[in-house]
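Visitor: I'd like to walk through this one with you, a few questions at a time. Could you bring it up on the screen?

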Amino acid sequence: QVQLVESGGGLVQAGGSLRLSCAASRITFSYYSMGWYRQAPGKQREMVASISRTGSTNTADSVKGRFSISRDNAKNTVYLQMNSLRPEDTAVYYCNAEQAYTGNDFWGQGTQVTVSS
């Protein structure tokens with residue numbers, strides 16, 4: 001029923017930029033807070049950035065000032081703009097949707113981001 005599809009990952013040199021997109025379908029998008037998470041091999045999945053239903057945002061300390069999250073409710077899409085990328089940003093990045101009040105959440109399949117030195 002619920003579908004989240006990430007795109008925009010790839011290989012980039014340190015200092016470069018990427019823009020990830022997550023397209024949502026089969027949900028009432030405005031009812032959901034959205035987030036980007038990442039997981040590197042051997043590490044726990046961690047939240048990178050989140051955006052509320054009203055547009056307020058939070059970013060992890062490790063990416064603050066470099067990454068920004070935004071949403072376009074008309075397009076049912078959330079974005080992660082990643083600038084000044086570092087090798088330690090290398091991970092699979094996942095899109096998450098959390099429904100207001102219920103706590104129900106859904107995950108995309110992930111997109112690989114690799115940052116070379």
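Guide: Sure. One term before we start: contact here means heavy atoms within 4.5 Å. Also keep in mind that this is a predicted model.

Visitor: Okay, then which residues is Tyr32 in contact with, leaving aside its neighbours within four places in sequence?

Guide: Tyr32 sits in strand β4. Its relative accessible area is 6%, and buried means under 20%, so Tyr32 counts as buried. With the neighbours within four places in sequence left aside, its contacts are Ile27, Arg53, Arg71, Ala97, Glu98, Gln99 and Phe106.

Visitor: What separates the C-alpha atoms of Tyr32 and Asn104?

Guide: Along the chain, Tyr32 and Asn104 are 72 residues apart. In space, the separation of their C-alpha atoms is 9.4 Å.

Visitor: On to the charges. How many salt bridges does the structure hold?

Guide: Arg38 pairs with Glu46 in one salt bridge and with Asp89 in another. Arg66 also meets Asp89 in a salt bridge. The structure's count of salt bridges is three.

Visitor: Is Glu46 buried, partly exposed or exposed?

Guide: Its partner Arg38 has 6% relative accessibility and counts as buried. For Glu46 the figure is 34%, and partly exposed covers the range between 20% and 50%. That makes Glu46 partly exposed.

Visitor: How far apart are the closest N and O atoms of Arg38 and Asp89, and how many residues lie between the two in sequence terms?

Guide: The closest N and O atoms of this salt bridge are 3.0 Å apart. Arg38 belongs to strand β4 (residues 32-39), while Asp89 is in the loop between β8 (77-82) and β9 (91-99). The pair links distant parts of the chain, and the separation is 51 residues.

Visitor: Which parts does the Arg66 and Asp89 pair tie together?

Guide: Their side chains meet at 2.8 Å, N to O. Both Arg66 and Asp89 are buried, with Asp89 at a relative accessible area of 0%. The pair ties together parts 23 residues apart in sequence, because Arg66 lies in the loop between β6 (57-59) and β7 (67-72) and Asp89 in the loop between β8 and β9.

Visitor: So which residues are linked in the network of salt bridges?

Guide: Arg38 bridges to Glu46 and to Asp89, and Asp89 bridges to Arg66. The linked residues are Arg38, Glu46, Arg66 and Asp89.

Visitor: Now the open sheet of four strands. Which strands stand at its edges, and why is one side of each left without a neighbour?

Guide: The order is β1-β3-β8-β7, with antiparallel pairing. Each edge strand has a single partner strand, so one side is left without a neighbour in the sheet. Those edge strands are β1 (3-7) and β7.

Visitor: By what angle are neighbouring strands turned against each other on average?

Guide: The neighbours here include β1 and β3, joined by five bridges, and β3 and β8, joined by six. With direction ignored, the average turn between neighbouring strands of this sheet is 15°.

Visitor: Last one: what is the bridge partner of Leu18 in β8?

Guide: Strand β3 spans residues 18-25 and runs antiparallel to β8. On the β1 side, Ser7 stands opposite Ser21 in β3. In β8, the partner of Leu18 is Met82.

Definitions and conventions
Residues numbered from 1 in each chain as written. Predicted model: local features only at pLDDT ≥ 70, side-chain atom pairs only at ≥ 80, totals over all residues. Heavy atoms only, no water. Salt bridge = Lys/Arg side-chain N within 4 Å of Asp/Glu carboxyl O. Buried < 20%, exposed > 50% of the residue type's maximum accessible area, 1.4 Å probe, protein only. Pairing = 2+ DSSP bridges. Axes fitted to C-alpha atoms, helices over the stretch in contact; angles between N-to-C directions.
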